[in-house]
Amino acid sequence: MYAEIREEELKNKIAEAYFSEFDCTKIIGNIDFCVSIPHRELFAETQSLLWAEAKKESADLYKSVVQLILTIGKARTFDKILPPAFLGAFDAEKIAFIPYNTIQEIFYLNDFNWNVTPSNYESKEFGLVLEKVRQNINENSLIFYFGKDASEIHQFIKNNFISGKNSFSKIQIDKNNFIIIYNKWLQTVKPTIAVDWEMIKKSGMIDADFYLADLLSLENETLKEKLFVLLKTNYYELDRKLAESGLFTSSKTSFLDKQKAHQQFWNKYQRPPKEEYWDYIVNRRDLLVPQDVRERKGSFYTPQIWVELSQKYLADVLGENWQDEYYIWDCAAGTGNLLAGLTNKYHIFASTLDRQDVDVMKDRIQNGANLLEDHVFQFDFLNDSFEKLPKNLQDIINNSEKRKKLVMYINPPYAETAKNDTKNKERINKRGVSFTKVQLQYGELIGIATKELFAQFLARIYNEIPNSNLAHFSTLKVIQGPNFFKFRSFFKSKFMKGFVVPANTFDNVNGQFPIGFMIWELGDEKKFSHIICDVYDKQKQKIGQKKFYAYDKDLFITDWYRQYHTREVSESNIGAIGLYGSDFQHNNFIRITGCNEHPNRWTFIVKNNLIATSIYLALRHCIEHTWLNNQDQFLYPNKKWEKDKKFQNDCLTFALFHERNKISYKEGTNHWIPFTEQEVNARAKFESNFMTQFIKGKLKQEDNGTLLATEKQRTTPLEFSPEAQAVFEAGKKLWIYYHQTIYHINTLGEQRSFVNASLYDIREYFQGRNENGKMKNKSEDEKYLELIADLRDALKLLAQKIEPKVYEYEFLKG
């Protein structure tokens, strides 16, 4: 409807046609289009209704919304300005709306990398957010077309974009904005409360408990009972139990400034929110918990579908009547959602680090939860003595026969000691994660695995509750992780049954890796070598089984490749490649680049290690990285591959034409052109014919100890499989088209430079780069798109041919 106009003109037309009664002049950070309630006062606080991404041409609005979310998250705009009721995106044809409250949890994900470029549609973070946005828009049908849906757009705006009666209306608090208002409260009100915040933290409370007391109040009197803190006009009343515990001498605390900042702050906002929001806000207290505390406690709720499935697996292993025949203790219970669905409350014990969570569970008991109050208690499993446990639970733990009928049923925290930010040289350990009594006691026994909180839970259970049964959710590091070698030697138990699911189905868990539910019979003296788990997708559909190996006796692919490693700077170097972790999750780091200086984990590529390097790159990229194989390890192979020349040549072909080969003539001489000047009709000579000479067997080899036996004194051309020949043929057509194109649009001087282009350079030439310097995904040249698609298709067929050899030569375990 608004075709062939500039983006700024499009924004003006949309503002005039649909949002004329609102203020669309605000510029908020890098957000393209903002709709807010108009104010008479110039510097009044902005009350936004819509933040949107604008595209002048037809666009995928799902992706546009994701770009907007990443833009907001990167700048943390919501920390500075109240977020709107809706996020959105529009182009010349259509507009999409997404309720802010349905996606705001994305901004509070643990360990989410907000430093990615928002417009990079290929990033892992972009894919994660895209999945959430697509599902939300599909479920709520919030896409409208400007032509046929014009009346519906107007009606939608009329019903949902409601301004106050005047500019002095207080801001309403709802589930969209209670977090941003909390962040403002932290800066304004918290410093004026006369309390020792360290003591508050030790008590199990957090600053948000004071905020909730403020928020859920009328005329400075808290309305909702059973909160940790109550506001009583001009002071706070703390939970009386805290005063009785000795942590506080008084159950009251007031303000340092006679409540001035408190009054000025809350003059802006309408309290309390509508009652329909109360339970939601209190139940999502976890969103207000500081990041370090959330990671320490493990505020990662187990989805109900996996709770139900785990209990089915327990019944399969322990018998139909297991809940009557066994005792159950969840020692990392949180608010008890893992225990939902269990029937025998007399056999269930639940403990958690946080007193507030204990109170939530006891409140749930009053509302019908199938638990006993006396069986729900506060207990720090990684620090407290078992002497603090209820006597009836101690009786079970201290009785060898009863222990055999105890199931430790847990989803422990997944936090690590150090944040996973290897680029930050100044990174520090997360406070309180590994420095526990359990870590000090078991550090020597399980080694570096003590960096993981869940490993600390498992170690104590195994050693101090022997011969019991363990049923836990965790990552597969316990099975596959190289850092868990000592742990596996310590944890000798019999695996009974289990399943794995995608990690990102768990609340607040980000990433493409499996989370497993595993049932163990503790005390078996045999060390396991592997386990077999059922595999489920996000829809709880069983899609097969997978064997997960313990790589305790294996050498890895990096050990194999190090025999070809060279760090000597020389004119004979033709490139460089990195030696990173040996599992799939590190594959994205494996690429070929120019000979610029690299860290020690990189090695230079020379003619003597070219075949080995090609094998190394091809193996790492011929099989797709998925959530399921994320931590599968590439290994030191058997020797059969050394006699398989076709396999070696297939890998060379793969390395020459794969997009992880990022050689560029701009970084120095390009030795990787796989064709002669005559084959591609080049107008000028190439600076290097190394690769074609190597393929033809015309390079003199020097045996310096790293040369493959198949390459010694080779004077004959390499022989390629039909699949490899198809890749060469597709590549040649692309090179020919490139050289035809540069003749038409460049001067002769530029041609002499461009003539040495690599595949990476050719892609850059046709696809160009965006404003952030990132290579674009597509090109406007239809002929190029056809040729590059043909090359990629041929490369996929070659990858399929290489894949079986990966297992045959034991680079991977099948």
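Which residues have the most contacts inside the largest nonpolar core? In this predicted model, in which local features need pLDDT of at least 70, side-chain atom pairs count only at pLDDT 80 or more, and totals for chains, interfaces and linings use all residues, the answer is Trp560 and Phe811, within a core of 75 residues. Residues are numbered from 1 along each chain as its sequence is written, and side-chain values use heavy atoms, with hydrogens and water left out.

A nonpolar core is taken here as a set of buried Ala, Val, Leu, Ile, Met, Phe, Trp, Tyr and Cys residues joined through side-chain atoms within 4.5 Å, where buried stands for under 20% relative accessible area, exposed for over 50% and partly exposed for values in between (1.4 Å probe, protein chains only). Helix 30 (residues 782–808) is the element that gives the most to the largest core, supplying 10 residues. A second core, separate from it, has 69 residues, including Val65, Phe78, Ile106 and Val282. Leaving aside residues up to four places away in sequence, tryptophan 560 touches Ala612, Ile615, Tyr616, Tyr636, Pro637, Trp641 and Phe811, a contact being heavy atoms within 4.5 Å. Across the protein chain of 814 residues, 56% are buried.

The protein chain holds 30 helices and 24 strands, which are DSSP runs numbered from the N terminus (helices H or I, at least four residues; strands E, at least two). Helix 30 also meets helix 29 (residues 759–767): their axes come within 11 Å and cross at roughly 145 degrees, with axes fitted as lines to C-alpha atoms over the stretch in contact and angles running from 0 to 180 degrees between N-to-C directions. On the helix 29 side, the contact involves Leu759, Ile762, Arg763, Phe766 and Gln767, and on the helix 30 side Tyr784, Ile788, Leu791 and Arg792.

Turning to a single loop residue, aspartate 380 sits between strand 15 (376–378) and helix 16 (391–397). Aspartate 380 counts as buried because its relative accessible area is 17%. Its side chain makes a polar contact with the side chain of asparagine 383 at 2.9 Å; such a contact is a pair of N or O atoms within 3.5 Å, and within protein one must be able to donate a hydrogen and the other to accept it, while residues adjacent in sequence count only if both atoms are side-chain atoms.

As for confidence, the mean pLDDT (the predictor's confidence in each residue, from 0 to 100) of the protein chain is 86, and 87% of its residues reach 70 or more. Residues 243–249, however, have pLDDT below 50.
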